[in-house]
Amino acid sequence: LDSLLQEIFENIIENESGGYIKGDIVKRNMTKGSARVYTSSDPSRASRAWAGAGAEDHGDGKYSADAHAGVSTYKNWNHEALTANVSASAEADLQGMKVKAKGGLDTTIYTYQEEQGNASVKCDVVKGKVAGEVGFDGCVKAGFQLGVDAVALDAQLTKHFGYKGNLGVNIDSGVNVGDGSASASLFGMGLSIGRETGIQTPFGSFKLRFGGR
């Protein structure tokens, strides 16, 4: 399995010149019941590509698996442009009768982000997303996201307070109960109460966050 994962990820990452790079295995963990590998292009390059996958038997009937890949055409300090990410994950607890699965794809034209102590800000310009999630793991989650943001802002002002908002078009639908919050939305209209409190419309949203990200 180790050699198979390494071979896969050494050959799926395409660089900006159209050729393939042999990604350096920067993280690889093989133990009894688990396998994990991560590969990326040289982080000092202006453009980057990365991919990873893992599976683990946690014992006592608990299992998890995940995979992700992405590419960024330009990155310089706090600025990043033309980025795409795809990911999927699943978890199961056969004894606790808990299961969840999620996956998604997002693309962003431009991203600016900065951190200073407990404060941070991230701003995405022209971001498209499609995602889905379903499961029960102490929280009830089910729904999908589909939309395009002209601009999306996520700011953490202190360790325990932040806010986020966006302007765009979406038809997000779903329900999420647990983890200190409750939210529901249908074709873009929604409301959330708790750790994250705010309102959502088909053309934008605004939420206050009481706690960290």
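Start by selecting Asp124: this residue is buried, with a relative accessible area of 7%. Here buried means under 20% relative accessible area, exposed means over 50%, and partly exposed covers what is in between, using a 1.4 Å probe and protein chains only. Before you go on, note that this is a predicted model, in which local features need pLDDT of at least 70, side-chain atom pairs count only at pLDDT 80 or more, and totals for chains, interfaces and linings use all residues. Residues are numbered from 1 along each chain as its sequence is written, and side-chain values use heavy atoms, with hydrogens and water left out.

**Stop 1: salt bridges**

Keep Asp124 selected and add Lys127: their side chains meet in a salt bridge, 3.6 Å from N to O. The term stands for a side-chain nitrogen of Lys or Arg within 4 Å of a carboxyl oxygen of Asp or Glu. Counted this way, there are six salt bridges. In general, side chains of opposite charge can pair when their charged atoms come close.

Next, select Glu133 and Lys141, another salt bridge, whose closest N and O atoms are 3.8 Å apart. Glu133 is partly exposed, at 28% relative accessibility.

Now pick Asp154 and Arg209, where the N to O distance of the salt bridge is 2.8 Å. Asp154 sits in strand β8 (residues 140-158) and Arg209 in strand β14, so this pair ties together parts that are 55 residues apart in sequence. The strands come from DSSP: runs of E with at least two residues are strands, runs of H or I with at least four are helices, and both are numbered from the N terminus. Arg209 is buried, with a relative accessible area of 2%.

**Stop 2: aromatic rings**

How many aromatic pairs does a search of the whole structure find? There are two. Show Phe161 and Phe210 for a tilted pair: the ring centres are 6.0 Å apart and the planes meet at 50°. Phe161 belongs to strand β9 and Phe210 to strand β14 (residues 204-210), so the pair links parts that are 49 residues apart in sequence. Rings of Phe, Tyr and Trp (its six-membered ring) pair if their centres lie within 6.5 Å; planes under 30 degrees apart are called stacked, over 60 edge-to-face, and the rest tilted. Phe161 is partly exposed at 27% relative accessible area, and Phe210 is partly exposed at 45%.

**Stop 3: from Tyr163 to Glu196 and Ser183**

Stay on strand β9 and select Tyr163, which is partly exposed at 25% relative accessibility. Draw a C-alpha distance from Tyr163 to Glu196 and you get 8.6 Å, across 33 residues of chain. Glu196 is in strand β13 (residues 196-201) and counts as buried, at 18% relative accessibility. From Glu196, go on to Ser183: their C-alpha atoms are separated by 8.8 Å, with the two residues 13 apart along the chain.

**Stop 4: the loop after β9**

Select Ile171 and Asp172. Ile171 is in the loop between β9 (161-170) and β10 (173-178), and Asp172 lies in the loop between β9 and β10 too. Are they buried or exposed? Ile171 is partly exposed at 37% relative accessibility, whereas Asp172 is buried, with a relative accessible area of 8%. Asp172 and Pro202 are 7.9 Å apart, C-alpha to C-alpha, and 30 residues apart in sequence.

**Stop 5: a nonpolar patch**

With Ile171 still selected, add Val86, Leu105, Val130, Phe144, Leu146, Leu186 and Phe187: together they form a nonpolar surface patch with about 700 Å² of accessible area. Patch members have over 30% relative accessible area and no salt bridge, with like charges joined within 9 Å and nonpolar side chains (Val, Leu, Ile, Met, Phe, Trp, Tyr) within 5 Å. The areas come from the Shrake-Rupley method with a 1.4 Å probe, and for residues only the protein chains shown count as cover.

**Stop 6: positive phi**

Zoom in on Phe187, in the loop between β11 (181-186) and β12 (189-194). Its phi is near 50°, a positive value in a residue other than glycine, and Phe187 is exposed at 54% relative accessibility. Most residues other than glycine have a negative phi. Trp77 also has a positive phi, near 55°. Trp77 lies in the loop between β4 and β5 and is exposed at 76% relative accessibility.

**Stop 7: the second largest pocket**

Finally, select the lining of the second largest pocket: His58, Lys62, Tyr63, Ser64, Glu91, Ala92, Asp93, Lys98, Val99, Lys100 and Asp137. Strands β4 (62-76), β5 (79-93) and β6 (98-116) each supply at least two of these lining residues. The space in this pocket is about 150 Å³. A pocket is an open set of points on a 1 Å grid over the protein atoms alone where a 1.4 Å probe fits, with protein on both sides within 12 Å along at least five of seven lines, and lining residues have an atom within 4 Å of a point. Points are joined across faces, edges and corners, and the volume is the space filled by probe spheres set on them.
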